[in-house]
Amino acid sequence: MRSLPNIIVTGTPGVGKTTTITQLLSLAQEEPQPLHLKHLSINDIVKDRQAHTGYDEELQTLIVDEEKLMDEVEKEIEDGAGSGGWIIDWHSTDGFAVRWVDLVVVLRCEETSVLFDRLSARGYKDAKVQENMDAEIFGVIAEEAKEGWGEDGSVVELQSIKVEDIEQNAASIYEWILNWVKDQKDKPTAT
């Protein structure tokens with residue numbers, strides 16, 4: 001049984017996933033008894049462990065080998081049976097086993113002008129900007145997460161538009177983690 005939850009922080013590129021996770025990890029270390037949360041960047045796994053089959057020039061992205069990627073993730077998080085504490089950073093929940101993850105946080109930036117500026121500042125080509133804008137407008141990632149984890153509260157959507165949103169979102173996720181840990185301690189043990 002995990003002593004800390006595993007969480008996916010997901011959303012379209014530009015919504016602040018990595019920044020929110022960095023803030024969350026900082027909060028966890030500020031406590032008198034720090035929580036040992038670990039950042040798992042799926043982008044790094046795709047690149048460093050060659051979990052891709054090539055590069056899509058038009059969309060400026062690696063073509064992910066889903067099977068190899070999930071094999072690498074499974075090894076890293078010990079098929080969800082390890083101690084937990086993984087904060088997974090990826091733009092999708094596709095391929096993740098529900099048993100690996102206790103909470104899915106979908107960051108949203110529904111103010112399209114803000115998201116457009118963020119994506120453009122990254123130097124993305126028009127096709128990539130448009131694809132990501134469409135995904136955000138239609139809530140593709142939130143729907144994907146709800147299809148996988150259901151509507152029982154395991155998926156939460158948080159707005160990530162202003163700097164204050166990032167701080168508040170990190171604090172909310174941290175509070176959820178503390179409650180999860182407390183709930184685990186309060187559960188009766190099997191004899």
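**View 1. E72 and R49 join in a salt bridge.** The closest N and O atoms of E72 and R49 are 3.1 Å apart; a salt bridge here is a side-chain nitrogen of Lys or Arg within 4 Å of a carboxyl oxygen of Asp or Glu. This pair links distant parts of the chain, with E72 in helix α3 (residues 66-76) and R49 in the loop between α2 (42-48) and β3 (52-56), 23 residues apart. Helices (H or I, at least four residues) and strands (E, at least two) are DSSP runs, numbered from the N terminus. E72 counts as buried at 13% relative accessibility, whereas R49 is partly exposed at 29%. Buried means under 20% relative accessible area, exposed over 50%, and partly exposed in between (1.4 Å probe, protein chains only). Please keep in mind that this is a predicted model: local features need pLDDT of at least 70, side-chain atom pairs count only at pLDDT 80 or more, and totals for chains, interfaces and linings use all residues. Residues are numbered from 1 along each chain as its sequence is written, and side-chain values use heavy atoms, with hydrogens and water left out.

**View 2. D102 meets R2 in a salt bridge.** Here the N to O distance is 3.0 Å. The two residues are 100 apart and link distant parts of the chain: R2 belongs to the segment before β1, and D102 to the loop between β5 (86-89) and β6 (103-108). D102 is buried, at 18% relative accessibility, and R2 is buried too, at 12%.

**View 3. K182 and D186 pair up within helix α7.** Their side chains form a salt bridge of 2.8 Å, N to O. Because K182 and D186 are four residues apart in helix α7 (residues 163-186), about one helical turn separates them. K182 is partly exposed, at 48% relative accessibility.

**View 4. Five residues share a network of salt bridges.** Look for R108, E110, E136, K146 and E157, which are linked in this network. The count for the structure comes to 10 salt bridges.

**View 5. F96 and W100 form an aromatic pair.** The count comes to one such pair. With ring centres 6.2 Å apart and planes at 90°, F96 and W100 are edge-to-face. Rings of Phe, Tyr and Trp (its six-membered ring) pair if their centres lie within 6.5 Å; planes under 30 degrees apart count as stacked, over 60 as edge-to-face and the rest as tilted. Both rings come from buried residues, F96 at 7% relative accessibility and W100 at 3%.

W100 also appears beside N6: the backbone oxygen of W100 lies 3.0 Å from a polar atom of the N6 side chain. N6 is in the segment before β1 (7-10) and is buried, with a relative accessible area of 0%.

**View 6. Two lysines sit over aromatic rings.** K38 lies over the face of W86, 4.7 Å from the ring centre. The charged end of K128 is over the ring of Y124, at 4.3 Å from its centre. A charge sits over a ring if NZ of Lys or CZ of Arg is within 6 Å of the ring centre and within 35 degrees of the ring normal.

Conventions
A polar contact is a pair of N or O atoms within 3.5 Å; within protein, one must be able to donate a hydrogen and the other to accept it, and residues adjacent in sequence count only if both atoms are side-chain atoms.
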